[in-house]
Every structure is written in C-alpha cells, then in structure tokens.
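This report goes through a protein structure part by part, for a reader who has not seen it before. The sequence and the structure come first.

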Amino acid sequence: MPPKLYKKDDKIEVRVQNAAVIWYPATFLHYSSAQVYVKFETSSDPDDPTSPLRRAYVSADDVRPAQPPELHRFLKIGEIVEGFHRERKGWKKAKVEDILEHSRYTVSFEGEGSFAVMEQWEVRAVREWIDDSWNPPFLLQQVLQNKSTESQIKSRGLILKIKCSKPPEMEFREGMLVEVKSDMEGFLGSWFTAIIVESLGCNKFLVEYRTLRTDDNTEYLREEADLSCIRPSPPSIQRVKPYKYLERVDGLYNNGWWEGYISQVLRGCSYVVHFIYSNEEMTLEHCELRPHQEWIDGKWFADLKVKPTDLNMKSSKRKLSEKVTDATFKDGTMVEVKSDEEGYHGSWYTAVIVCSLSSGKFLVEYQTLKMEDESDELLREEALASYIRPCPRIIERLDHYNMLEEVDAWYNEGWWVGVICRVLDDRKYAVYFWTTNEELLFEHFSLRPHQEWVGGKWIVSHRKKSKLTLRKKLGKYKGGHNEVGGETLFMVGMKVEVKSDDHNYRGSWYPAVIVESSGRGKYLIEYQTLINDDRTQLHTGAAHALCIRPCPPIAQRTYPFTVFEEVDAWYNGGWWVGQIQKAFPCRKYLVYFSTMNVTLDFQHSDLRPHQDWFNGQWVFALRGSKSFAE
C-alpha cells in the first residue's frame with residue numbers, strides 16, 4: 001500500500017479474520033510506521049451505545065477505502081455478496097437465497113446455518129481493493145474510465161469551447177427509482193419509494209410504488225404525482241455508529257420513510273424518534289432508521305441535527321402559553337371544569353372563577369350544580385388549573401351529525417364527550433359514551449360539536465389518528481396463543497367486547513352487542529364504534545366466542561395511574577391494552593403500546609384500569625405483569 005493514501009477522517013474498512021473475514025467500518029486517524037491508527041464505528045461497550053467509539057492500531061495491509069454506495073443494483077439468487085452482519089457490525093460474505101418484496105433479500109452468511117432478511121443497503125457485491133482501484137470496478141467508475149481513455153486519445157490538438165449556462169432541472173425518466181411524498185392528512189413528512197412509469201405532461205408523472213399495493217393486494221399501486229412531490233432516491237448512507245440525541249433521521253414505518261429526530265437514545269441500538277409533522281413518538285431499531293437528507297437545487301444535503309435553540313424556543317412558547325392561559329382565569333371568568341370523580345369521567349360543567357388559590361388552584365362556582373343540602377346555593381369547590389378551560393366557542397350546527405363523529409351531549413347538567421353511533425329520524429341520535437359503556441338518545445339541539453382546548457386554541461373534533469388501517473378481522477379466531485378458560489355463553493342483546501386475533505391488533509377490544517347466536521360457538525354481533533364502508537350503518541359481523549368477552553365492570557379511577565401500571569386506553573374506537581410510561585402532574589399520561597410499538601399521550605378520563613377475563617371472572621392486572629389479552 002503506498003504511503004499517505006489516506007487523509008485524516010477518511011472513511012475506511014478494516015479486515016479482521018477469525019473463523020471468517022469481516023470488514024469493519026472505521027475512520028482513518030493517522031499513520032504509525034507500518035501500522036494505521038483507526039477509530040471503529042462501533043462502541044467500545046456493545047451494550048451501551050453512548051460509550052466512546054473503539055480505537056486501535058491495525059496493519060496497513062488490512063485497511064482499504066470504504067466502498068461507495070452502489071445505487072439501484074439488483075442481485076440474483078445464488079449470487080455471492082457481502083452482507084452487513086448486524087450482530088458483528090461488519091461486512092461478511094453471504095449468499096443470496098431469495099428475493100423479497102420492498103427491495104429486500106434473504107441471505108445466508110458464510111459458516112452460519114441461519115438465514116437473515118436484509119435491506120437493500122445491507123447487501124453489496126464482493127469487490128477487492130487492488131492497485132488503488134476496485135475489482136470488479138463499479139459501473140459508473142468503468143464508464144468514467146472509458147470516457148477518460150477516449151478523451152486522452154482525442155485530446156491531441158483539440159480546442160475546447162466552454163459555454164456556461166444554468167444547470168438543467170432534474171429529469172425523471174421512465175424506470176427511474178424515485179421517492180414520492182404525500183400531502184394527505186396524517187401522512188405529512190412521509191416519502192414512499194416508487195418507479196417512474198411515464199410522463200403525463202404538465203409536470204405530472206405516473207408512478208408505481210414499490211412498497212404500496214392496491215386494495216385487493218394483487219399488484220403495486222399506481223397513481224399520478226406532481227413534479228413538486230417527486231425527488232430522486234437519496235444516496236444510501238451506511239450508518240453503523242449509533243445515532244445521537246437530536247440527530248435528524250428518517251424512520252421506516254408503514255412502508256414509507258417519515259421525517260423526525262432522535263429524542264431519546266435507548267440501550268440495544270434502539271431509539272425514541274419524534275416525528276416532526278405528526279408530533280408523535282415511536283420506538284425504532286437502528287436498522288429502521290437512515291440519516292435525513294434534503295434535496296435542494298439538484299443536490300443532496302445531510303441535515304444532521306435539530307437545533308436545541310429551536311426546541312427550547314418551542315418549549316418556552318408552550319410554557320408561556322400555559323402561563324398566559326392560567327392568567328386569563330380572572331375572577332368572574334366563565335369557564336368549564338372537568339370531573340374525574342367516579343361515574344363522571346369525560347364530563348364538563350359550566351362554572352365561574354371565584355378567586356385564585358395557591359399551588360395552581362382556583363375556587364370555582366358551578367352554574368348548574370347545587371349543594372347537597374337541597375338549598376338553592378350553587379356548589380363551590382377547588383379545581384386544578386389543568387382541569388379548567390375557557391368556555392368553547394359556540395358552533396351553530398345546522399346540518400346533521402355524522403356516524404362516529406365526536407360530540408358533547410348535554411346530560412345530567414353537564415357536557416359529556418361521546419361518539420355518534422346511530423343517526424335516527426327527526427334529527428335524533430344515539431350517542432355512545434365509552435367511559436360508562438352507555439348508549440343514550442339525544443335530540444339535535446342537545447348536542448354540540450366536540451372541541452379540544454390544545455395549546456391555547458380550540459380544535460374541532462380532535463381525535464387521535466390511528467397508525468393502523470382497521471381491517472375487518474375482528475372476532476376471527478386462529479387459536480394457538482394464551483387461551484384462558486372455556487367459551488362463555490352470550491345472550492341476545494348482551495353488551496360485550498370483541499377482540500381481533502390478528503397480530504397487529506392484539507390487545508384491542510371493541511364494544512359490541514350480541515345480535516344472534518349462529519351456533520358452534522359463533523355469534524352475529526353489531527359494533528358500537530365501527531361502521532360499514534358506506535358510513536351509514538354500524539358494522540355487523542360474525543365473531544367466535546373465544547374472541548368475545550362480557551363488558552368489564554366500570555372501574556373509573558379517582559386517583560392517578562402510576563408508571564408501569566397496565567391500563568386500557570380509548571383509542572380509535574376501542575380499548576387498547578398499554579402500559580403507563582410517564583405520568584404528568586396534570587393527570588396526563590404517556591402510554592406505550594407493545595403491539596404497535598408506539599407511545600401516545602392520553603388524558604386521565606380516556607384510561608381505565610386493565611382487567612382480564614379469566615375462568616369466568618374479572619381479574620385486575622398486577623403492576624408490571626403481562627396481560628392475557630396480549
């Protein structure tokens with residue numbers, strides 16, 4: 001190897017041979033006689049990703065440059081390749097055993113009997129570094145070499161005329177691999193891999209997605225995309241060393257890449273990623289992330305970190321907004337106060353601020369509740385500032401409410417949050433209240449559109465968006481995991497909860513009513529929070545008895561939930577089993593759902609203590625124990 005081939009901070013690979021040869025990614029630091037001092041891209045402590053990167057002196061003969069990424073190369077079954085060994089954190093020879101969807105491969109590593117599913121960037125062709133060049137050469141390198149040879153032959157006596165002009169815009173040709181972004185609500189900040197099928201003119205293209213399929217799952221989805229929503233496929237960056245706090249990344253989720261940043265570094269090469277556009281967090285593995293890059297003026301730029309000043313500014317604005325909100329609760333201000341008393345979860349009562357008390361509390365006087373001594377005096381009591389909000393703006397709803405629309409219903413002298421489960425004649429509605437598992441009838445004038453007071457603003461019909469497309473797989477029993485007890489007999493008209501045996505939905509239960517018994521342990525049921533595709537009627541379907549349970553007894557908690565406590569959270573029309581990850585003083589919580597691998601925030605009134613139906617009786621889950629429902 002010629003001296004001074006590498007410069008400080010050059011990306012290299014170091015060969016280590018034990019039972020097999022592995023090339024480890026590293027960074028060149030300096031020469032030392034016949035040795036090279038390098039910094040490996042792996043931590044000195046494999047169990048602690050925050051530990052310093054390992055440094056060592058290695059033989060110069062065991063060092064070569066890092067291979068440049070080779071985009072859009074497709075491998076064949078039986079081809080000998082180098083695969084990135086996730087456990088050893090290095091490149092090892094392997095054989096392509098199968099070609100999978102979404103540009104993935106099944107490979108078998110040399111000397112190992114197991115198989116591994118690899119992403120496209122984790123597999124590359126086998127090449128040797130000989131005489132300062134790669135053998136076999138890269139296709140682009142070979143083309144450049146040929147052009148260089150031609151130019152040398154024709155260069156004698158050649159006079160060049162150079163004309164400077166504005167660089168042309170990016171041209172997307174048929175068959176080109178690109179990424180297409182979505183501007184649909186709930187999908188902002190996501191990019192999906194696609195291929196250009198043809199140009200439609202007027203800056204429009206027909207694209208075929210490589211990770212999305214049609215509804216019948218028979219072929220890849222095709223659709224029209226505007227030029228402004230298309231970019232070339234970004235260069236592959238093989239990131240081996242751990243990501244850092246606040247580093248910008250793209251997370252692989254729901255077959256697309258979503259823009260975010262690292263909000264927490266966990267052990268075992270896992271991270272909590274904060275998605276910028278949805279303002280949600282999710283736990284992802286290292287292999288499910290890639291460094292974030294921006295396509296600007298025809299070039300790729302790495303966007304490494306979120307500025308802490310930006311986060312601090314947002315945080316200070318939020319705190320300031322909260323302080324301003326508290327300050328506006330002056331004496332005599334008309335407000336609404338929520339109740340977390342047992343039997344009253346999800347209800348708001350009109351009140352007037354009497355005066356401010358210490359420790360973020362106020363003395364309020366309710367306008368619809370009176371003292372228990374049957375006097376005409378209005379009820380007064382202390383209320384936390386976090387339980388108080390301004391009176392919502394009046395929205396005159398002239399048209400009818402829709403199925404599953406969230407509303408506030410006037411009931412028992414207060415406004416109760418519920419969801420429309422039936423649209424009846426004469427502008428009447430059946431409203432389902434998930435906190436009490438009741439269905440009541442209301443006139444149109446007894447309802448108002450539901451609004452949430454978020455960040456000092458009113459948001460109409462604020463609902464948590466589901467990260468899963470709800471499929472009609474509820475009530476289907478596959479068997480084979482954690483059956484407890486025998487079948488339960490259900491009577492017609494009985495209120496029940498129905499689960500799905502599908503892996504992605506395990507741990508979720510949806511309220512329903514038994515319509516009839518179909519025999520052989522099956523029932524026809526009508527869901528109370530799921531509707532048909534035409535959005536006009538409640539969904540009905542068959543369900544196996546082992547996927548049905550009685551509705552659990554109402555257990556509304558008056559005191560706060562604690563960290564690691566197992567709960568049911570009302571989410572996307574059903575109760576999902578989760579675990580309290582963080583509890584805030586204002587009775588809000590972060591709940592982790594293992595089936596979705598996601599953490600979401602909930603109010604106290606949207607949670608209930610988790611109970612298991614075991615051997616014909618209800619059993620409260622122990623703190624930190626695993627639920628039968630999962």
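Trp348 has Trp415 as its bridge partner in β31. This is a predicted model. The two strands concerned, β26 and β31 (residues 414–423), pair in the antiparallel sense over 2 bridges.

Strand β26 spans residues 347–356 and is mostly covered, with 7 of its 10 residues buried. Strand β25 (residues 334–339) runs antiparallel to β26 and is joined to it by 6 bridges. Within that pairing, Val335 has Ala351 of β26 as its bridge partner. Strand β27 (residues 361–370) also pairs with β26 in the antiparallel sense, over 5 bridges. Here Ser356 stands opposite Phe362 of β27. Between β26 and β27 there are 4 residues, and the two strands form a hairpin. In its turn, Ser359 has a positive phi of about 60 degrees.

**Salt bridges**

The whole structure contains 28 salt bridges. Three of them are listed here.

| Pair | Closest N to O distance |
|---|---|
| Glu13 and Arg64 | 3.1 Å |
| Glu82 and Arg64 | 3.6 Å |
| Arg248 and Glu294 | 3.9 Å |

In the salt bridge between Glu13 and Arg64, the closest N and O atoms are 3.1 Å apart. Glu13 belongs to strand β1 (residues 11–17) and Arg64 to strand β5 (residues 63–65), so this salt bridge ties together parts that are 51 residues apart in sequence. How accessible is Glu13? Its relative accessible area is 2%, so Glu13 is buried. Arg64 also counts as buried, at 2% relative accessibility.

Arg64 has a salt bridge with Glu82 as well, at 3.6 Å from N to O. Glu82 lies in strand β6 (residues 80–85) while Arg64 is in β5, so the pair connects parts 18 residues apart in sequence. Both Glu82 and Arg64 are buried.

The third pair in the table, Arg248 and Glu294, has its closest N and O atoms 3.9 Å apart. Arg248 is in strand β18 (residues 248–253) and Glu294 in strand β23 (residues 293–296), so that distant parts of the chain, 46 residues apart, are linked. Is Arg248 buried or exposed? With a relative accessible area of 12%, Arg248 is buried. Glu294, at 26%, is partly exposed.

Which residues are joined into one network by salt bridges that share partners? They are Glu13, Arg64, Glu82 and Arg124.

**Nonpolar cores**

The largest nonpolar core has 38 residues, and Ile525, Ile548, Phe593 and Leu607 have the most contacts inside it. Strand β39 (residues 522–531) supplies the largest share of this core, 4 residues. For Leu607, leaving out residues up to four places away in sequence, the residues touched include Phe561, Val567, Trp575, Ile580 and Tyr589. Asp568 is also among them.

A second core, separate from this one, has 22 residues. Val364, Ala385, Trp416 and Phe442 are included in the second core.

**A surface patch and two single residues**

Leu188, Ile276 and Tyr277 make a nonpolar surface patch of about 280 Å². Of these, Tyr277 lies in the loop between β20 (270–275) and β21 (280–285).

His444 is also in a loop, the one between β33 (438–443) and β34 (447–449). Its relative accessible area is 11%, and His444 is therefore buried, the limit being under 20%. Which residues does His444 contact, leaving aside neighbours within four places in sequence? They are Arg397, Leu398, Asp399, His400, Tyr401, Arg427 and Tyr429.

Leu212 lies in strand β15 (residues 204–213). With a relative accessible area of 21%, Leu212 is partly exposed. Leaving aside neighbours within four places in sequence, Leu212 is in contact with Phe192, Tyr220, Leu221 and Asn255. Ala194 is 18 residues from Leu212 along the chain, and the C-alpha atoms of the two are separated by 9.0 Å.

Notes: Residues numbered from 1 in each chain as written. Predicted model: local features only at pLDDT ≥ 70, side-chain atom pairs only at ≥ 80, totals over all residues. Heavy atoms only, no water. Salt bridge = Lys/Arg side-chain N within 4 Å of Asp/Glu carboxyl O. Buried < 20%, exposed > 50% of the residue type's maximum accessible area, 1.4 Å probe, protein only. Core = buried A, V, L, I, M, F, W, Y, C linked by side-chain atoms within 4.5 Å. Contact = heavy atoms within 4.5 Å. Pairing = 2+ DSSP bridges. Patch = residues over 30% accessible without salt bridge, like charges linked within 9 Å, V, L, I, M, F, W, Y side chains within 5 Å. Areas by Shrake-Rupley, 256 points an atom, 1.4 Å probe, with all protein chains shown as cover.
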